[in-house]
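Here are some notes to read alongside the model, written as numbered points. Please keep the structure open and look up each residue or helix as it comes.

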Amino acid sequence: ANLFSKPITLPAWRTWLIGRPLATADAPHQTIGKLVGLAVFASDALSSTAYATQEILMVLAMAGAGAFGLSIPIALAITALMIIVTISYQQTIHAYPGGGGAYIVARDNLGELPAQTAGAALLTDYILTVAVSISSGVAQITSAFPGIYPFRVELAAVLVLFIMLVNLRGVKESGVAFAIPTYYFVVVMLITVGLGMLRWATGGLGVVIAPPELEVALTTQVITPFLLLHALANGTSALTGIEAISNGITAFKEPRSHNAGVTLIWMSSILGTFFLGITFLAHQVGAVPSEVETVISQLARTILGGQNFLYLGVIAGTAVILILAANTAFADFPRLGALHAGDGFLPRQLTYRGSRLVYSRGIAALAVIAIGLIIIFQASVTRLIPLYAIGVFLSFTLSQTGMARRWWKSGHLKPGVEVQEPGSVLRFDRTWLVKMIINGFGAVCTFVVMIVFAVTKFKEGAWIVILVTPILVTIFFTIHHHYKSLARQLSLENGISRPRIARNRVILLVGGVHQGTLAAIRFARTLSD
C-alpha cells in the first residue's frame with residue numbers, strides 16, 4: 001500500500017532539466033492561448049522570410065544580376081498561393097477540431113494509402129524543418145561573426161539538443177519560453193521593413209555597401225520559363241509551416257477551433273507582409289545571394305546604417321526565430337507520430353506521454369534524425385533546401401483533395417443527418433459547392449508547385465525525398481501488418497479451445513543448499529509433484 005501511495009519521483013538531475021512530473025489530470029491546464037500559440041506554431045512559417053527571398057535570388061543569379069527584378073512578381077505569385085492555402089487550412093481547422101491536419105483529412109476521405117503518404121511527407125518535412133531552420137539560424141550568426149563559420153555543424157547540433165530539452169519540459173513551458181524571442185523578431189523585423197519602406201519612399205534608402213561576390217556560376221544569360229519555375233519553387237519554402245496549426249489544434253485552449261483559426265490568420269498576415277517587404281527592399285538595395293552573408297544581413301546594415309547595435313539586434317532576432325522554427329516541428333512531429341502509432345502504423349511506444357505530458361520519445365527521435373542530417377549536409381541551407389518543401393506540398397495537395405471530397409460528401413447528405421467519421425462528424429453544409437471549389441482549386445495549385453519543385457530540384461537532391469517517401473509508406477504498412485497479424489493471433493473471436501494443462505513440470509535452479517533452497521522446494525511441490 002505504501003509503495004503505490006508514494007508520488008513518482010525522478011532523479012535530481014532529470015528534474016532540474018525537464019521539471020517535476022505532472023499528473024495526467026493536469027493535461028487540460030497545459031493548453032495554450034492564441035498569443036503563445038502564435039509563438040509555438042508560427043515560428044516555422046515566420047522564419048522562412050529569412051531565407052525564402054535569398055533562395056529566389058540564388059536561382060535568378062544564374063541569369064545575371066539583371067534578373068533580380070523578377071523576384072517581385074515571383075513573390076506576388078507565392079503570396080497569392082499562400083492566401084489560397086490559408087483559406088483551405090482555415091476550413092480544415094473548423095472541420096477537424098481534433099487536429100491531425102492532412103493525415104486525418106486524407107485518412108477519412110481518401111483512404112489509408114493517401115493518409116500514410118501524407119503522414120510520411122509531413123514527418124519528413126518536420127525533420128527537414130529542424131535541419132533547415134537551425135542551419136539557417138547558424139548562417140545568420142556566422143554572417144555577423146565569420147570566425148565561428150568552421151564550427152557551424154557543432155553549433156547547429158548543440159542548438160537542436162537545446163530545443164529538444166526545452167520541449168521535453170512541456171508544451172506550455174516551451175511556448176512561454178519561446179514567446180518573447182518570437183515577438184521580439186516580429187517587432188525588429190517590422191521596424192526594419194517599415195523603416196526601409198520609409199527611406200525608399202523618401203529617396204534615402206541607398207544600396208548595399210561592399211556586397212559579397214556572386215557565388216553562382218553564370219550558366220545562362222537567358223531567362224527561361226524553367227529558370228522562373230525553379231525560382232518559384234525555391235521561394236515556395238515561405239509556405240512551409242502554414243499547416244502546423246491544423247496539426248496541433250489540441251494544444252489550444254477551448255474553443256480550440258476558434259483560437260487555432262484566429263492564430264492561423266495572424267500568422268499568414270505577418271508572413272505575407274514580411275515576405276513581400278523583404279523581397280521588394282532586397283531588390284531596391286541590390287542585395288546579392290551568398291552563403292557568406294545573408295540577404296537579411298545586407299538588408300539590415302543598409303537600412304540601419306551599418307553593422308551597429310541595431311543591426312546586431314536584427315541579426316540576433318533573425319537567428320533566434322530561425323532556431324525557434326525548429327520548435328514548430330518539435331510541437332507537431334510527436335503529435336503526428338502518436339496519431340500514426342495509435343492507428344498501428346508506427347511503434348505503439350510513440351503514443352506514450354512522458355512525465356511532462358508530452359510525447360517525449362517522438363521528441364528525442366526527431367532530434368537524433370535532424371542532427372544526423374545536419375552532419376551529412378554540413379549545415380548548408382542551400383544543400384538542404386532541395387529536400388525541403390516537396391513533402392509539405394504533397395501534404396497540402398492531399399489535404400485539400402481530401403477536403404474537397406469531404407464537401408462533396410457533405411453536399412449529398414440530407415439536412416439534419418449526421419455521419420460519424422473517425423476524425424469528425426459529417427453534416428450537410430449549404431455552402432458545400434463553394435468550399436469544394438476553393439479546396440479543389442487549392443489542390444490543383446499546390447500539385448502544380450509540387451511537380452515543378454520535384455522536376456527543377458530533382459538533380460539537386462529532391463530525388464532523395466521522392467525515394468524516401470514510398471519507403472516510409474512501405475515501412476508504415478509493414479508495421480501495420482505486424483500489429484494486425486498479432487491481433488488476429490490474440491483474438492478470442494474465433495473461439496479456439498486449447499487443451500487443458502494436466503500437469504506442470506517445475507525446474508528449480510539451486511545455487512547452494514540452505515533454508516532459502518528448502519523454502520523454494522516446498523513452494524515448488526505445491527505446483528507439481
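1. Thr517 is a good place to begin, and its relative accessible area is 9%, a value that makes this residue buried because the limit for that word is under 20%. Please bear in mind throughout that the model is predicted. Thr517 belongs to helix H21, which covers residues 515–527.

2. What does the side chain of Thr517 reach at 2.5 Å? It is the backbone oxygen of Gly512 that lies at this distance from the side chain of Thr517. Gly512 also appears among the contacts of Thr517 when neighbours within four places in sequence are set aside, together with Leu508 and Val510.

3. Lys409 sits in helix H18, which is made up of residues 390–411. Is Lys409 buried or exposed? With a relative accessibility of 16%, Lys409 counts as buried, because the cut-off for buried is under 20%.

4. The side chain of Lys409 has two polar partners worth finding in the model: a polar atom of this side chain lies 3.4 Å from the backbone oxygen of Asp108, and the side chain of Asn109 is joined to that of Lys409 by a polar contact of 3.0 Å. Once neighbours within four places in sequence are left aside, Lys409 is in contact with Asp108 and Asn109, and also with Glu421 and Leu426.

5. Moving on to pairs of helices, H8 (residues 112–144) packs against H15 (residues 309–342) at an angle of about 160°, and their axes are 8 Å apart. Angles over 145 degrees count as roughly antiparallel, and H8 and H15 are therefore described as roughly antiparallel to each other. The crossing in which H8 passes H15 is left-handed, and the contact of H8 with H15 has 20 nonpolar, 11 polar and 1 charged residues.

6. How do the axes of H3 and H13 cross, and at roughly what angle? Helix H3 (residues 34–41) and helix H13 (residues 256–285) have axes that come within 9 Å and cross at roughly 55°, and the two helices are therefore oblique to each other. The crossing of H3 and H13 is right-handed.

7. To see which residues meet in this pair, look on the H3 side for Lys34, Leu35, Gly37, Leu38 and Phe41, and on the H13 side for Asn259, Val262, Thr263, Trp266, Met267 and Ile270. Sorted by class, the contact of H3 with H13 has 7 nonpolar, 3 polar and 1 charged residues.

Methods
Residues numbered from 1 in each chain as written. Predicted model: local features only at pLDDT ≥ 70, side-chain atom pairs only at ≥ 80, totals over all residues. Heavy atoms only, no water. Helix = DSSP H or I, 4+ residues; strand = E, 2+ residues; numbered from the N terminus. Buried < 20%, exposed > 50% of the residue type's maximum accessible area, 1.4 Å probe, protein only. Polar contact = N/O pair within 3.5 Å; in protein donor to acceptor, adjacent residues only side chain to side chain. Contact = heavy atoms within 4.5 Å. Axes fitted to C-alpha atoms, helices over the stretch in contact; angles between N-to-C directions. Parallel < 35°, antiparallel > 145°, perpendicular 65-115°, else oblique. Left-handed = near helix turned anticlockwise from the far one by under 90°. Nonpolar A, V, L, I, M, F, W, Y, C, P; charged D, E, K, R; others polar.
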